[in-house]
Amino acid sequence: MVAALVLVGCGQTYEEKRRISHKRRQQLLREDSAALKVAVMPTLDCLPLFVAKEHHMFDTTKVDVRLKMFTAQMDCDTAIVGGSVEGTITDLVRAERMIQQGTPLRYVTSTGAYWQLYTNRTARIKTLKQLDDKMVAMTRYSATDLLADLLRDSAKIDAERLFKIQVNDVNIRLKMLLNNEIDAVLLTEPQATQARQARHYLLLDSRKTSVGQLGVLAFSERALKLDKREEQLEALKRGYNKACDSLSSRGIGYYRDIVEKYCGLRAGLVDSLPATIRFTRIAAPEETDVQYARNWLKQ
């Protein structure tokens, strides 16, 4: 009985536990608010950020980088417009549209992302002209939307004869192709490699078109005006450069565990990724590429 009384006397009351829990939640919210948050997706253009985070390449005395994972570009847009993140991996088409709609952005670096068009092998679509009266999965007001228009014009298909189907989630878009639920899809890496490994047909590569480099890491200008954000951004740039240097010297295969973890790639498929993929240090996108995206949005 004495032991029981001692334990009860030493234990926390319900109200005390609630008070401590509330204080802990408030502390976590303050820490998250002070951190530099970046919206990312399970795609290879985010790999330098994944590597820098996992291998502690960010100077934690200068910046606490937190990566917020999404599977759709639209959700990344919502996060940066709403202020729940300060930066995002996106493309110039989506970024320019956000700017037009009142969210000033700063382009920190081009990511070198590219997109490929894969057609369903069961549909036996082996030329762009055969996409007439077919469905292509993409995301509206994005690089994939722009490329869908480009391939339509290249094949001289009437606008109403190419059905652009909005599928925002990159994983669902891939699954629709693998499950034979769509005629064609526009994918970036590593989803493009998964489509290729399933023996679907590659008909278009953005690197072989006039669109240039559309992938970009962008930050909210409003967020960067806040105290210490510029210092944090500079620290992020240094960590990003370290990750790119390491990826260039060691190759993607060295970081296979990170690719599998963040991109959902099954074991063994990392070695199938193209050897031509390159990760370059911080460099702002070319003005010609930015203008290309603006012109398409105007049209």
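These exercises walk through two sheets, their helices and two backbone details.

The model is predicted, so local features need pLDDT of at least 70, side-chain atom pairs count only at pLDDT 80 or more, and totals for chains, interfaces and linings use all residues. Residues are numbered from 1 along each chain as its sequence is written, and side-chain values use heavy atoms, with hydrogens and water left out.

**Exercise 1. Find the order of strands in the open sheet that contains β1, and name its edge strands.**

Step 1. Know the terms. Helices (H or I, at least four residues) and strands (E, at least two) are DSSP runs, numbered from the N terminus. Two strands pair if DSSP finds at least two bridges between them.

Step 2. Read the order. The 5 strands run β2-β1-β3-β10-β4, with mixed pairing.

Step 3. Look at the ends. β2 (65-69) and β4 (105-110) are the edge strands, and each pairs on one side only.

Step 4. Add the twist. From one strand to the next, the twist averages 30°. For such angles, axes are lines fitted to C-alpha atoms, for helices over the stretch in contact, and angles run from 0 to 180 degrees between N-to-C directions.

Step 5. Zoom in on one pair. β3 (residues 87-91) and β10 (residues 215-220) are antiparallel and share 5 bridges. Ile89 has Leu217 in β10 as its bridge partner.

**Exercise 2. State which strands helix α5 and helix α10 touch.**

Step 1. Define contact: heavy atoms within 4.5 Å.

Step 2. Take α5 (residues 92-100). This helix packs on the sheet and touches β3, β4 and β10. Its direction makes about 165° with that of β4.

Step 3. Take α10 (residues 229-250). This helix also packs on the sheet, touching β1 (36-40), β2, β4 and β10. The direction of α10 makes about 50° with that of β1.

**Exercise 3. Describe how α5 meets α12.**

Step 1. Start with the axes. Those of α5 and α12 (residues 287-298) come within 9 Å and cross at roughly 65°.

Step 2. Classify the angle. The crossing makes α5 roughly perpendicular to α12. The classes are: under 35 degrees roughly parallel, over 145 roughly antiparallel, 65 to 115 roughly perpendicular, and the rest oblique.

Step 3. List the residues. Leu92, Val93, Glu96, Arg97 and Gln100 in α5 meet Asp289, Val290, Ala293, Arg294, Trp296 and Leu297 in α12.

Step 4. Sort them. The contact of α5 with α12 has 6 nonpolar, 1 polar and 4 charged residues. Ala, Val, Leu, Ile, Met, Phe, Trp, Tyr, Cys and Pro count as nonpolar, Asp, Glu, Lys and Arg as charged, and the others, Gly among them, as polar.

**Exercise 4. Do the analysis for α3 and α10.**

Step 1. The axes of α3 (residues 47-54) and α10 come within 8 Å and cross at roughly 100°.

Step 2. That makes α3 roughly perpendicular to α10.

Step 3. From α3, Leu47, Pro48, Leu49, Val51 and Ala52 take part. From α10, they meet Leu236, Gly239, Tyr240, Ala243, Cys244 and Leu247.

Step 4. This contact of α3 with α10 divides into 10 nonpolar, 1 polar and no charged residues.

**Exercise 5. Work out the sheet that contains β6.**

Step 1. The order of its 5 strands is β7-β6-β8-β5-β9; the sheet is open and the pairing mixed.

Step 2. Find the edges. β7 and β9 (201-205) each have a single partner strand, so one side of each is left without a neighbour in the sheet.

Step 3. Check the pairs of β6. β6 (residues 134-138) and β7 (residues 162-166) are parallel over 5 bridges. Ala137 stands opposite Ile165 in β7. β6 also runs parallel to β8 (residues 184-187), joined by 2 bridges. There, Val136 stands opposite Ala184.

Step 4. Place a helix. α7 (residues 170-178) lies across β5 (116-119), β6 and β8, at about 145° to β8.

**Exercise 6. Locate Pro190 and His56, and describe the backbone there.**

Step 1. Pro190 lies in the loop between β8 and α8 (191-197). A cis peptide bond joins Glu189 to Pro190, with omega about 5°.

Step 2. His56 sits in the loop between α3 and β2. His56 is not a glycine, yet its phi is positive, about 55°.
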